[in-house]
Amino acid sequence: MIYSAYDDLDGSVVGTPYQKLTYGCEAGNSRIEIVPNGDSYPCISFFEKDLTCGNVFDSNISDIWNNSILLNKLRNGKTDDNTCLSCSLNHFCNGGCPMVNLDRNGSMFGEGDPRCLIKKK
């Protein structure tokens, strides 16, 4: 995610739906991680908190991809942070890393990612 890498980034470099996925969080949007026991995660950072999408040995992977409550929450969740909502990068950043937000702020989409250089200004 490049949202916090450049403090002068204006958001205009990201225009297509594909760019929004690759510049923003890919967790549950364009990828999942599958560990050897079959558990799947939106991103490997969800492994530490054991937030699985499902197990590929118990369910069809397309069912997990389409019906996981966690994946749908990631795909449809929107930040509540007013600073993030007014930012030109919000259309792909959406408040930053959901797992960092959950760990540091208690919600995947409440307050924005505390690491963001733009937010720190």
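**Exercise 1.** In this predicted model, work out whether Asp 81 counts as buried or exposed, then look at its surroundings.

*Solution.* Start with the number: Asp 81 has 8% relative accessibility. Buried means under 20%, so Asp 81 counts as buried. Next, find its place in the chain: Asp 81 sits in the loop between α3 and α4 (82-85). Now check its side chain: one of its polar atoms is 3.1 Å from the backbone nitrogen of Cys 84. Finally, look further along the sequence. Leaving out residues up to four places away, Asp 81 touches Gly 110, Glu 111, Gly 112 and Lys 119.

**Exercise 2.** Find out how many aromatic pairs a search of the whole structure gives, and sort out the geometry.

*Solution.* The search turns up 1 aromatic pair. Its partners are Tyr 41 and Phe 47, with ring centres 5.4 Å apart. Their planes stand at 75 degrees, and over 60 counts as edge-to-face, so that's what this pair is. Now take each partner in turn: Tyr 41, at 1% relative accessibility, counts as buried, while Phe 47, at 44%, counts as partly exposed.

**Exercise 3.** Which residues touch the most other members of the largest nonpolar core?

*Solution.* This core has 13 residues, and the ones to pick out are Ala 27, Phe 46, Leu 74 and Met 108. As for helices, α3 (69-76) and α6 (98-105) each supply at least two residues of the core. Then zoom in on Ala 27: not counting residues up to four places away in sequence, Ala 27 touches Pro 42, Cys 43 and Leu 74.

How values were computed. Residues numbered from 1 in each chain as written. Predicted model: local features only at pLDDT ≥ 70, side-chain atom pairs only at ≥ 80, totals over all residues. Heavy atoms only, no water. Core = buried A, V, L, I, M, F, W, Y, C linked by side-chain atoms within 4.5 Å. Buried < 20%, exposed > 50% of the residue type's maximum accessible area, 1.4 Å probe, protein only. Helix = DSSP H or I, 4+ residues; strand = E, 2+ residues; numbered from the N terminus. Contact = heavy atoms within 4.5 Å. Phe/Tyr/Trp six-rings, centres within 6.5 Å; stacked < 30°, edge-to-face > 60°. Polar contact = N/O pair within 3.5 Å; in protein donor to acceptor, adjacent residues only side chain to side chain.
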